[in-house]
Structure formats: C-alpha cells, structure tokens
Amino acid sequence: MPAKPLVAAILFTMIVSSPLAAQTATPASENDAAAEQYTPSVGQQGKDVVWVPTSQALVDRMLEMAQLTANDRLVDLGSGDGRLVITAAKHGAISRGIEFDPDLVAMSKRAAQAEGVTERATFEQADIFESDFSDASVVTLFLLPSLNLRLRPTLLDMKPGTRVVSNSFAMEAWEPDESVEVKEDCTNYCHAYKWIVPAKVAGTWKIGERELQLEQRFQVLDGTLSDGANQRRISNARLNGANITFSVDGQTYSGKVDNKQMRGTIDGKTDWTARLVSMQ
C-alpha cells in the first residue's frame with residue numbers, strides 16, 4: 001500500500017541520509033510460520049537501498065509506458081513486494097523479479113500463488129548487479145540515480161528496442177524518451193521515465209559511393225553525409241531502438257539498423273542501404 005502522509009514525512013527525512021528503492025536485505029525468517037506473518041516496513045534498510053512500495057497506479061502506468069504485451073519478457077530489478085511482476089504476469093507477460101531480501105522474495109511468491117500467476121511470475125533472491133537479465137525485452141526498476149548509473153552500461157548493451165522504465169529516478173545524460181507523472185491514487189514517488197535501448201551506430205558507413213559519418217550520444221545522433229568534396233551535415237538524427245531517421249538536403253532517410261547494415265527509404269519512396277566500414 002502507498003505510504004500514508006505521516007509515514008511519507010518521516011520517510012523524506014530518512015532519504016536525506018539513506019539510499020532509496022526496492023532492492024533490500026533483511027534477515028530471513030526463522031520458520032515458515034514467521035514467514036507467513038512477515039510484513040515489510042516502509043523505509044526499512046536494505047543492501048543498497050531502503051524499501052518503499054510503488055503505488056499500483058504507477059505500476060499500471062509504467063507497464064503502459066513499456067507497451068507490455070504477452071510476448072514480452074519482463075524483469076523487475078529490486079522487485080520488493082512483487083506487485084509489478086505480478087501485474088505484468090496478469091497481462092500475460094513472462095515476468096521475473098530479482099530481489100535481495102529473502103523475506104520479500106518469499107512474500108512475493110506467496111502473492112503470485114494467491115493471484116494464480118506462478119507459471120508466468122517468478123522471483124529469485126539475488127544481487128541485481130550479479131544477475132543476467134539479457135533476455136528481457138522490458139526492464140523495470142526503482143533505484144537511486146547512482147545505482148541507475150551503475151546499471152546503465154549493462155542496459156545499453158541489451159538488445160536494441162528493449163524498453164527500460166524507472167520509478168522516479170533518471171539516468172543523467174541519457175535523456176528519457178518519455179516521462180509521466182501520475183496524479184491520481186499516488187502520493188509519493190509518482191514519476192516514471194522510459195528509455196528505449198538504441199542500436200550502436202557511431203562510426204563510418206557507406207551509402208553507395210557516399211560516406212555517412214555518425215556520432216552518437218545515446219539515442220541522439222550527429223554527423224555528415226559526404227560525396228567527394230561535397231559534405232553536408234545531417235539533422236533531426238535519432239534512434240528509436242534499431243530504427244534510425246535523419247535528414248539531409250531536404251530529404252528524410254528512415255530505416256532500420258541490423259548489425260553492420262542499414263536499410264530503409266528516402267521520403268518513404270526511394271530505397272537506400274548502408275554498410276558499416278568502421279565502428280567508433
């Protein structure tokens with residue numbers, strides 16, 4: 001349940017000196033009976049963070065931003081009480097929660113069983129920084145900016161088009177592709193940010209006899225298209241996963257990156273292809 005106003009006020013004071021998010025670590029319950037009665041406390045200290053539940057309203061909005069489908073594989077890094085993983089499973093997606101606190105993992109498994117989604121919702125007790133989640137098509141997280149930055153290289157190495165959605169905290173220089181604020185049924189930590197992992201295209205490409213030189217800053221591109229001595233700077237250049245667009249000489253090139261090749265159309269009419277000559 002979302003934190004009540006008084007709890008929220010206390011929590012704000014704690015956050016000034018404590019990490020915040022969902023990945024936590026508390027002592028394991030001594031027996032099954034105690035585990036059944038376990039209830040996490042808002043703001044309890046964990047391995048890298050303190051635990052704060054995500055409101056169901058924000059969970060729903062995050063999954064909507066991710067455009068989650070039954071064909072997706074979702075991983076929630078620091079899955080806490082499991083509500084996001086369970087909600088994703090109810091949408092038909094194969095969902096996995098990675099959580100450091102064994103009590104929260106056990107509680108999440110019980111909740112998944114009660115909701116009848118254990119075939120699609122799984123939970124494991126592990127460190128997110130030592131886990132392999134490269135098969136995910138959607139990654140969700142509620143971690144501090146410093147932890148997001150530690151994860152950023154791993155996220156950028158994932159398959160282009162992978163959607164990353166964060167509760168409340170961004171990725172510094174990697175600007176989000178979308179951000180929202182939930183104003184109803186959410187009192188604390190009500191922002192979400194979405195990134196689409198871009199293909200890696202920085203380098204030199206050949207379009208026929210012409211040379212396309214690309215510089216890349218995450219999903220934003222800059223560069224030139226040259227034909228002998230004639231060099232023109234490209235504009236409006238951007239990646240959306242593996243999809244690339246840029247303009248030059250009043251024409252818009254759109255296409256798709258496939259490893260060391262690009263192919264698409266100019267103004268939706270003329271075909272163009274490019275091959276990678278050298279990667280930056």
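**Close-up views of helices α3 and α5 and of Ser 168**

**View 1. Packing around helix α3 in the predicted model.** The buried residues of α3 pack against two groups of elements: the helix α4 (83-90) and the strands β1 (73-77), β4 (138-141), β5 (163-167), β6 (178-181) and β7 (191-196).

**View 2. The buried face of helix α3.** Within α3, which comprises residues 56-65, the buried residues are Leu 58, Val 59, Met 62, Leu 63 and Met 65. When the helix is seen down its axis, these residues fall within an arc of 155°, and they therefore line one face of α3. An α-helix has 3.6 residues a turn, so residues three or four places apart point the same way. After α3 comes Gln 67, whose phi is positive, near 50°.

**View 3. Helix α5 and its two ends.** Helix α5 (residues 102-115) contains 14 residues, which at 1.5 Å a residue should span 20 Å; the C-alpha atoms at its ends are 20 Å apart, in agreement with this value. At the N-terminal end, Asp 101 acts as a cap, with a side-chain oxygen 2.8 Å from the backbone nitrogen of Asp 103. Following α5 is Gly 116, which has a positive phi, near 70°.

**View 4. The buried residues of helix α5.** Asp 103, Leu 104, Val 105, Met 107, Ser 108 and Ala 112 are buried in α5. Their cover includes α4, β2 (94-99) and β3 (121-125).

**View 5. The surroundings of Ser 168.** Ser 168 is located in the loop between β5 and β6. Its relative accessible area is 15%, so Ser 168 is buried, the cut-off being under 20%. Apart from neighbours within four places in sequence, Ser 168 is in contact with Phe 142, Tyr 189, Cys 190, His 191, Ala 192 and Tyr 193.

Terms used: Residues numbered from 1 in each chain as written. Predicted model: local features only at pLDDT ≥ 70, side-chain atom pairs only at ≥ 80, totals over all residues. Heavy atoms only, no water. Buried < 20%, exposed > 50% of the residue type's maximum accessible area, 1.4 Å probe, protein only. Helix = DSSP H or I, 4+ residues; strand = E, 2+ residues; numbered from the N terminus. Arc of directions from axis to C-beta. Contact = heavy atoms within 4.5 Å. Expected span 1.5 Å × (residues − 1). Polar contact = N/O pair within 3.5 Å; in protein donor to acceptor, adjacent residues only side chain to side chain.
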